[in-house]
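Let's take a walk through this fold together, starting with the whole chain and then zooming in on a couple of helices. Keep the viewer open as you read.

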Amino acid sequence: FHTKALLGIDSLRDFLAQIGESGVEKANEPVFLRIVREVEQSIAEGLQLFPDNERLLGAEAEFRELIDQSDRAEEALKKAFAVNPRQDWIAVRLFRKLAAKDLPAARQILRQCLDANPGSKWVHFELARSYLYSTDPAERSLRKEHFRRSFSEGDSNFDAQFWFARELFLSGEYPEARKLFEHLKGAPISPTIKRRIRGVLMDADGKRMRFSGTVVKREDTYCFVRSLAFPEHL
């Protein structure tokens with residue numbers, strides 16, 4: 001996946017260099033969109049199987065920088081999305097470009113895509129993640145719903161399954177959360193990634209929450225802690 005992404009990025013860089021200031025003319029738009037889509041798919045499919053993989057994330061950052069540096073590229077993506085908002089990969093790319101500047105407007109792009117393509121797991125996942133650290137009850141509810149729709153039972157969207165399991169746990173649906181976490185134990189993912197700390201809880205002021213607990217079992221490299229903030233059986 002990483003190699004395919006790098007090859008696509010090289011092709012995109014060559015393409016943008018060739019068109020120069022003339023822009024992505026209509027005759028060249030299919031070529032441009034094909035290259036961008038191939039890179040997007042390589043990175044997205046790779047991260048489904050290898051969440052947080054450093055090489056894939058590096059390729060994604062390089063790809064994002066290349067698109068961001070080219071106003072012509074952004075213009076071509078906006079035109080293509082306006083013609084066909086069902087294209088989820090374009091919606092996600094535009095969202096990521098605009099989110100840092102205007103998050104509400106960026107979210108609207110994803111919602112527009114879902115209106116035209118309600119079954120896009122990719123867009124549901126991206127929209128859910130945009131609410132990840134929100135403490136607003138309404139937005140937390142949206143986060144949970146979109147995570148639920150970002151995967152299908154038995155598929156390889158392990159990252160989406162993890163975040164949905166986390167939402168189930170935080171909303172007190174412990175049996176359902178436990179079932180999904182047990183399923184993820186057997187997922188073909190690197191143990192290093194499985195043990196990585198993620199999804200830090202925030203309080204209403206946006207600060208990291210602190211919990212107290214008691215060590216109930218200690219192993220060579222880890223321990224189990226029981227906290228009164230969570231059910232004992234978990």
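What pattern does the protein chain follow when read along the sequence? Going along it, you get α-α-α-α-α-α-α-α-α-α-α-β-β. In other words, the secondary structure comes to 11 helices and two strands. Bear in mind that this is a predicted model. The chain averages a pLDDT of 87, and 95% of the residues score at least 70. If you compare the elements, H6 has the highest mean pLDDT, at 96, while helix H11 (residues 191-194) has the lowest, at 80.

Now for the overall picture. The C-alpha atoms fill a box of roughly 65 × 40 × 35 Å along the principal axes. Of the 234 residues in the chain, 38% are buried. The accessible surface comes to about 14000 Å², and carbon and sulfur atoms account for 51% of that. As for how the chain meets itself, take the contacts between residues at least 6 apart in sequence: 53% of them join residues at least 24 apart.

Next, find helix H5, residues 88-98. Nine of its 11 residues are buried, so this helix is largely enclosed by the rest of the structure. The buried set is Asp88, Trp89, Ile90, Ala91, Val92, Arg93, Leu94, Phe95 and Lys97, so you'll spot charged names such as Asp88, Arg93 and Lys97 on the list alongside Trp89 and Phe95. What do the buried residues of H5 pack against? Their partners are helix H2 (29-49), helix H3 (54-68), helix H4 (71-83), H6 and H7.

Further along the chain sits helix H8, residues 137-148. Its 12 residues reach 17 Å from first C-alpha to last, close to the 16 Å expected at 1.5 Å a residue. Which residues of H8 are buried? They are Arg143, His146 and Phe147. These three cover an arc of only 100° around the axis, which puts them on the same side of H8. That buried side packs against helix H6 (103-116), helix H7 (121-130) and helix H9 (158-170). Flip to the face turned away from the buried side and you meet the exposed residues Pro137 and Ala138.

One last detail is at the N-terminal end of H8, which is capped by Asp136. A side-chain oxygen of Asp136 lies 3.0 Å from the backbone nitrogen of Ala138.

Key
Residues are numbered from 1 along each chain as its sequence is written. Side-chain values use heavy atoms; hydrogens and water are left out. Helices (H or I, at least four residues) and strands (E, at least two) are DSSP runs, numbered from the N terminus. The expected span of a helix is 1.5 Å times one less than its number of residues. Buried means under 20% relative accessible area, exposed over 50%, partly exposed in between (1.4 Å probe, protein chains only). The arc is that of the directions from the helix axis to the C-beta atoms. Contact means heavy atoms within 4.5 Å. A polar contact is a pair of N or O atoms within 3.5 Å; within protein, one must be able to donate a hydrogen and the other to accept it, and residues adjacent in sequence count only if both atoms are side-chain atoms. Accessible areas come from the Shrake-Rupley method with a 1.4 Å probe; for residues, only the protein chains shown count as cover. pLDDT is the predictor's confidence in each residue, from 0 to 100.
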